[in-house]
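How should the features of a protein model be read, from the whole chain down to single residues? The dialogue below takes up that request.

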Amino acid sequence: MPVSLQSPPCVTLSASIQKGRWKTLAGGFSVTPLSAVNFTLRRSVPRIYASASSSSSPSSSSLEAGENNELDAVSAFSEIVPDTVVFDDFERFPPTAATVSSALLLGICGLPDTIFRNAVDMALADSSCVGLETTESRLSCFFNKAIVNVGGDLVKLVPGRVSTEVDARLAYDTNAIIRKVHDLLRLYNEIDVPHDRLLFKIPATWQGIEAARVLESEGIQTHLTFVYSFAQAAAAAQAGASVIQIFVGRLRDWARNHSGDTEIEDAIKSGEDPGLALVKRSYNYIHKYGYKSKLMAAAVRNKQDLFSLLGVDYVIAPLKVLQSLKDSPAIPDDEKYSFVRKLTPETATHYNFTNKELIKWDQLSLASAMGPASVELLSAGVEGYANQAKRVEELFGKIWPPPNV
């Protein structure tokens, strides 16, 4: 049985993490979308929700429903996800779902006076981990227990699904990813978290995509992240991934400072932003060919990005953009900010794809189709997640054993 702790072990290292309010962006390498700690469950603002599956025509306007501000208006087309800080802003923008990650564990130990503190402390005192012989196996057990304990707390606090980060150090090993997800799911079963409330967040390497294919066939929902090319998005859809996450702003940033990526250059030549173009093409592919995947647009930088993506299933938006939308009446004064659904299943049926895009994707074709942008950005994302997981285990090694264990 787990031992109750009289004093939180995370306190001993709180000064070693960033002082002040620790922030984690939903689209960043330290990913914790929709997480907050000082939960009050008071509805100081309406919950952000959407009818993303609506069959609204591309010309329909949410103004007809009588929304009071721009946030209400855009939420009629896509589910708007706050790209929120971990410890603030819950009352302004109540989250509807959550992600538990290595970054969140670091934040909890950096600022231990949170409702998640006990979840981590109990993991560090769990007898099934304490009794393991090697330091490596013990730290891995602590990590798994902590991330699941926090995930279990989040399931009780948000109405939607909780996405659990899968150790990115396994990103290039399909079997290891599958084993890790099974281990995490077993731990969730022990604390009675229903399977349908969970997603497992996996980098969209070929090995990660193959792992998602197997897991989805077993009824386990997956969330493929670090998607930066159409080939990745199409392969993920063919694998049956429940959620596919594309980082709009990062592709734009790469294009500003690099060249030589055919997919990006084709979008620019067509007068399109490369990130927005990838979301559009991926959405149309998913809907034209009947794949079950939901599409999430992350790293959205401004209101124009958000308005260009209306109709996509999820949009992760920065708090400054959400606040601007909330403060603005739903009366568009600029054509580019019109409340019109840009992406619909109906228009997807008329979108044309090349024969090269309609292949059955395998490892070789994926590797050939991924340009330098997706290769570099995927690698950077995996490395960032892996480093954070390593930091968590190093941190746990320093603060274990707790004083009373």
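What follows is an exchange between a learner and a teacher about this predicted model.

Q: Where should one begin: how many helices and strands does the protein chain have?

A: One begins with an inventory of secondary structure. In this predicted model, the protein chain has 16 helices and 8 strands.

Q: What share of the residues in the protein chain is buried?

A: Burial is judged by relative accessible area, and a residue under 20% counts as buried. Of the 405 residues in the protein chain, 59% are buried. The accessible surface of the chain amounts to about 16700 Å², and carbon and sulfur atoms contribute 51% of that area.

Q: What share of the contacts with a separation of 6 or more joins residues 24 or more positions apart?

A: Sequence separation shows how far along the chain the partners of a contact lie. Among contacts with a separation of 6 or more in this chain, 76% are between residues 24 or more positions apart.

Q: How is the packing of two helices read, and at what angle do the axes of H2 and H5 cross?

A: One compares the two axes, then lists the residues that touch. The axes of helix H2 (residues 102–110) and H5 cross at roughly 85° and come within 10 Å. Since angles of 65 to 115 degrees count as roughly perpendicular, H2 is roughly perpendicular to H5. On the H2 side the contact is made by Ser102, Leu104, Leu105 and Ile108, and on the H5 side by Phe143, Ala146, Ile147, Val150 and Leu154. By class, this contact of H2 with H5 has 8 nonpolar residues, 1 polar residue and no charged ones.

Q: Why might contact residues on a helix recur at intervals of three or four?

A: An α-helix has 3.6 residues a turn, so residues three or four places apart point the same way. On H5, the contact residues include Phe143, Ala146, Ile147 and Val150.

Q: Is Ala146 buried or exposed?

A: Relative accessibility is read first, and the neighbours are read next. Ala146 counts as buried because its relative accessibility is 0%. This residue belongs to helix H5 (residues 135–157). Beyond its neighbours within four places in sequence, Ala146 is in contact with Leu105, Ala123 and Phe396. A C-alpha to C-alpha distance of 9.8 Å separates Ala146 from Arg117, and the two are 29 residues apart in sequence.

Q: Which side chain forms a polar contact with that of Thr164?

A: A buried polar side chain invites a search for a polar partner. Thr164, in strand E3 (residues 162–165), is buried at 0% relative accessibility. Its side chain makes a polar contact of 2.6 Å with the side chain of Tyr188. Outside the four nearest places in sequence on either side, the contacts of Thr164 are Val100, Ile147, Leu184, Tyr188, Leu199, Phe200 and Lys201.

Q: Which residues of helix H13 are buried, and what do they pack against?

A: The buried residues of a helix are listed first, and then the elements that they meet. In H13 (residues 319–327), the buried residues are Leu319, Val321, Leu322, Gln323 and Leu325. They pack against helices H1 (70–74) and H12 (303–308) and against strands E1 (79–83) and E8 (314–318).

Q: What is the relative accessible area of Pro318 in strand E8?

A: The value is 15%, so Pro318 is buried. Apart from neighbours within four places in sequence, Pro318 is in contact with Asp83 and Val300. The C-alpha atoms of Pro318 and Val300 are 7.1 Å apart, and 18 residues separate the two along the chain.

Q: Where do residues other than glycine have a positive phi?

A: Such a residue is placed in its element and then checked for burial. Asp192 has a phi near 60° and lies in the loop between helix H6 (174–190) and strand E4 (198–203). Asp192 is exposed, with a relative accessible area of 68%. Phe226 has a positive phi of about 60° and is found in strand E5 (residues 222–227). Phe226 is buried, at 0% relative accessibility.

Q: Which residues does Leu377 of helix H16 contact?

A: Leaving aside neighbours within four places in sequence, Leu377 touches Tyr228, Arg250, Leu251 and Trp254. Leu377 is located in H16 (residues 372–399) and is buried, with a relative accessible area of 13%. Leu377 and Leu251 are 126 residues apart in sequence, with their C-alpha atoms 8.4 Å apart in space.

Methods: Residues numbered from 1 in each chain as written. Predicted model: local features only at pLDDT ≥ 70, side-chain atom pairs only at ≥ 80, totals over all residues. Heavy atoms only, no water. Helix = DSSP H or I, 4+ residues; strand = E, 2+ residues; numbered from the N terminus. Buried < 20%, exposed > 50% of the residue type's maximum accessible area, 1.4 Å probe, protein only. Contact = heavy atoms within 4.5 Å. Areas by Shrake-Rupley, 256 points an atom, 1.4 Å probe, with all protein chains shown as cover. Polar contact = N/O pair within 3.5 Å; in protein donor to acceptor, adjacent residues only side chain to side chain. Axes fitted to C-alpha atoms, helices over the stretch in contact; angles between N-to-C directions. Parallel < 35°, antiparallel > 145°, perpendicular 65-115°, else oblique. Nonpolar A, V, L, I, M, F, W, Y, C, P; charged D, E, K, R; others polar.
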